[in-house]
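Okay, thanks for squeezing me in. I'd like to walk you through the empty spaces in this protein and a couple of places where helices pack. Here it is on the screen.

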Amino acid sequence: MKRNVLISTGVLLALLMLASGSLFARGQQEAAEPEVIKIGASVSLTGNLARFGNMVKNGYELWKEEVNAKGGIQVGNKKLKVEIIYYDDQSDNQTSAKLTEKLITQDKVKFLLGPFGSGATFATTAIAEKYNVITIATLANSGKIYSRGYQNVFSVLAPASRIFASFIDMLEAQSPKPKKLAIITPNDLFPMSVAKGAKEYAEAKGFEVVYFEEYNKGVKDLSSTILKIKNSGAEVLMGSGYLEEAILTVRQLKEQKVDLKAIGFTTGPELVDFRTNLGEDADNIFGVSWWMPLMKYSDPLFGSASDYEKKFEGKFGKGLSYQGAGASQGGLLLQTAIEKAGSLDTDAVRQALRGYKGSTFWGPTRWDESGQNVAGATVTFQIQGGEIKTVFPPEAAGAAPIYPAH
């Protein structure tokens, strides 16, 4: 009898241990399941790129707030809210790389939203690839980033070499069209890709590039370059530099009384700072942009492109440019892939990204094998009477280009 009681007690203890083990394992599993999706972003909040880095952060924040207001990202049968961990890379590429490694190894982020600029993204994506972490490269489209065979980088912007294409197409549509072009660029990864792509495209269209120069990034004087442009016989100037260099170029062109039929920049004219600093001298300057609020695109999260502009300006004030919109688009693309995968698994999300072909408030996106968005295109705009007007292509134009500009 005692033996039966002992056996029964032993069986009972075994059952209790099994139950306890099962509950412990379930508790461990539940603890392992994330309550939020942790995403990392190293961006330029100080330093010479802070103007754009803060715009990028604002774009990320707007996406995060919009998706969290709807309960979060749908992952399988549950919704998870988004948490973004930011670090300031101080506009330094190697600092950005170190902070990216910290985000992955210490903060344990699941995904990365890219920094501002191709130089920083070139550095950070090498770290992300090492740890098999996906980066949505929101503001980086230099071909060098995507030619390394990496599997975890996806661009929001179309290739940098194509950004001036709509401006060159606009020049070709003029009657009579100009024949001689000048191109200047700082010796930095993104602008050099832009300038070389513009040169190739212009020459393929029959234009003669009579002057091409690379100058030091952050230059404070371009007077000798301006004199060479003046003496080259160029009718049009394209500059692929940053805001300060665009302002400097316009001022020194005026000082040397250089008469050009058109002046176009990749960065500068879209920003309030450009018009504030130059006043009337900003009039008739052209810019190119990957995105404008007048575009006829929409999606369920943000609504139309103009709806997005209203949401952005309602939170951050006037001054939206494509940098902010591109950042929000990066978050939205990552969200779409996670929801399609129904998982936070890197392989599953990567597969969902590779299979994506669609359009949002930003416009169309489709990636090639290297991770470049081969569906994107640009629009050309012009400052007319102190206001930005889209002027090309015709289907996106709100006004006719003023050409010649003087």
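Let's start inside, with the largest cavity: helix H4 gives the largest share of its lining, three residues. Before I go on, please keep in mind that this is a predicted model.

So, how big is that largest cavity? Its volume comes out at about 100 Å³. There are 15 residues around the largest cavity, and the closest to its centre are Leu-49, Asn-93, Phe-116, Gly-119 and Ala-120. If you sort the lining of the largest cavity by class, you get five nonpolar, six polar and four charged residues.

Searching the whole structure turns up four cavities of 30 Å³ or more. The second largest cavity holds about 80 Å³ of space. Among the residues lining this second one are Phe-116, Gly-117, Leu-139, Asn-141, Phe-190, Tyr-242 and Gln-323. And the class split there is seven nonpolar, four polar and no charged residues. Phe-116, by the way, is a name you've now heard twice: it is among the closest to the centre of the largest cavity, and it lines the second largest cavity too.

Now, back to H4, and to its neighbour H3. Helix H3 covers residues 93-105 and helix H4 covers residues 118-130, and their axes come within 8 Å and cross at roughly 30°. Why do we call H3 and H4 roughly parallel? Because angles under 35 degrees count as roughly parallel, and that is therefore how H3 and H4 lie to each other. Their crossing is right-handed. On the H3 side, the contact includes Asn-93, Ser-96, Ala-97, Thr-100 and Ile-104, and on the H4 side it includes Gly-119, Ala-120, Ala-123, Ile-127 and Lys-130. By class, the residues of that contact are six nonpolar, six polar and two charged. And some familiar names there: Asn-93, Gly-119 and Ala-120 belong to this contact, and they are also among the closest to the centre of the largest cavity.

The other helix pair I picked is H12 with H13. Helix H12, residues 322-341, packs against helix H13, residues 346-354, at an angle of about 115°, with the axes 8 Å apart. H12 and H13 are therefore roughly perpendicular to each other, and this crossing is right-handed. Leu-333, Leu-334, Ala-337, Ile-338, Lys-340 and Ala-341 from H12 meet Ala-348, Val-349, Ala-352 and Leu-353 from H13. Class by class, that contact has nine nonpolar residues, no polar ones and one charged.

Last stop, the pockets. The largest pocket has a volume of about 460 Å³. Which residues sit closest to its centre? Out of 20 lining residues, they are Met-292, Pro-293, Glu-309, Leu-320 and Ile-388. Helix H10 (272-278), helix H11 (305-316) and strand E17 (387-392) are the elements that give two or more residues to that lining. E17 provides the largest share, four residues. The classes in the lining of the largest pocket are eight nonpolar, five polar and seven charged.

The second largest pocket contains about 310 Å³ of space. Its lining has 18 residues, with Met-295, Lys-296, Tyr-297, Val-379 and Ala-396 the closest to the centre. Here the lining divides into twelve nonpolar, four polar and two charged residues.

That's my tour. Happy to rotate the model if anyone wants to look around.

Methods. Residues numbered from 1 in each chain as written. Predicted model: local features only at pLDDT ≥ 70, side-chain atom pairs only at ≥ 80, totals over all residues. Heavy atoms only, no water. 1 Å grid on protein atoms, 1.4 Å probe; cavity = no way out; pocket = protein on both sides within 12 Å on 5 of 7 lines; lining within 4 Å. Points joined across faces, edges and corners; volume = space filled by probe spheres on them. Nonpolar A, V, L, I, M, F, W, Y, C, P; charged D, E, K, R; others polar. Axes fitted to C-alpha atoms, helices over the stretch in contact; angles between N-to-C directions. Parallel < 35°, antiparallel > 145°, perpendicular 65-115°, else oblique. Left-handed = near helix turned anticlockwise from the far one by under 90°. Contact = heavy atoms within 4.5 Å.
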